[in-house]
Amino acid sequence: MKLLIVNGPNLNMVGHRAGNIYGTTTFDEFLPKLKQKFPQVEIELFQSNVEGELINVIQVAPQSYDAVIINAGGYTHTSVALGDAVADAAARGLYMIEVHISSILAREDFRHLSFIAPHVKGSIMGFGLESYTLAVYACLNENYG
């Protein structure tokens, strides 16, 4: 399985900012451990703070990947365009899981809305960086539902 993790704005700062929300482990520290846990999965990472770059990578993902785990960060709640790109990729058969490090439902009201969630197989949130681990398990067991 070839899997792409797409991380949106500010996720490059995980481990350096708001440790009480996002933890103190950086994604660069976490990713090798995730890859080690799933040696049968080819895991690649794309991170950008730029909305259009995220849209571009999602648009071409169905050509190269079996699944995408997306944490759109703040764009989750604001980007109709990114939601449209996710919807299109999913309609073309790309298996997609939305993840969030914190529980967006336990935070400010504006974070309760996701333009991504209606178009993905499922959403995993609130388990810190382990939300990504759970998402990989979901991708490996994609026959759910």
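Here are four short exercises on this predicted model, each with a worked solution.

Residues are numbered from 1 along each chain as its sequence is written. Because the model is predicted, local features need pLDDT of at least 70 and side-chain atom pairs count only at pLDDT 80 or more, while totals for chains, interfaces and linings use all residues; side-chain values use heavy atoms, leaving out hydrogens and water.

**Exercise 1. The overall fold**

Work out how many helices and strands the chain has, and in what pattern they follow one another.

Solution. Start with the count: there are 5 helices and 5 strands. Helices (H or I, at least four residues) and strands (E, at least two) are DSSP runs, numbered from the N terminus. Next, walk along the sequence, and the pattern reads β-α-α-β-α-β-α-β-β-α. Then look at burial: 45% of the 145 residues are buried. Buried means under 20% relative accessible area, exposed over 50%, and partly exposed in between (1.4 Å probe, protein chains only). Finally, take the contacts (heavy atoms within 4.5 Å). Of those between residues at least 6 apart in sequence, 80% join residues at least 24 apart.

**Exercise 2. One face of helix H4**

Find which residues of H4 are buried, and explain how they are arranged around the helix.

Solution. First, place the helix: H4 covers residues 80-91, and its 12 residues reach 16 Å from first C-alpha to last, close to the 16 Å expected at 1.5 Å a residue. That expected span is 1.5 Å times one less than the number of residues. Second, list the buried positions, which are Leu 82, Gly 83, Ala 85, Val 86 and Ala 89. Seen down the axis, these fall within an arc of 160°, so they line one face of H4. The arc is taken from the directions from the helix axis to the C-beta atoms. Third, see what this buried set packs against: helix H3 (51-60), strand S3 (67-71) and strand S4 (95-100). Just after H4, Gly 93 has a positive phi of about 100°.

**Exercise 3. Helix H5 and Leu 140**

Decide whether Leu 140 is buried, partly exposed or exposed, and find its contacts beyond four places in sequence.

Solution. Begin with the location: Leu 140 belongs to helix H5 (residues 130-140). Leu 140 is partly exposed because its relative accessibility is 32%. Now trace its contacts; leaving aside neighbours within four places in sequence, Leu 140 touches Met 1, Phe 38, Gln 40 and Val 41. For contrast, turn to the buried residues of H5, which include Tyr 132, Ala 135 and Val 136. The buried residues of this helix pack against strand S1 (2-7), helix H2 (27-37), S3, S4 and S5.

**Exercise 4. The salt bridges**

Locate the salt bridges in the structure and say where their partners sit.

Solution. Recall the principle: side chains of opposite charge can pair when their charged atoms come close. The cut-off used here is a side-chain nitrogen of Lys or Arg within 4 Å of a carboxyl oxygen of Asp or Glu. The search finds 2 salt bridges. One joins Lys 2 to Glu 44 (3.9 Å, N to O). This pair links distant parts of the chain, with Lys 2 in strand S1 and Glu 44 in strand S2 (residues 42-47), 42 residues apart. Lys 2 is partly exposed at 25% relative accessibility, and Glu 44 is partly exposed at 27%. Another joins Arg 92 to Asp 88 (3.0 Å, N to O). Arg 92 counts as partly exposed at 41% relative accessibility, as does Asp 88 at 39%.
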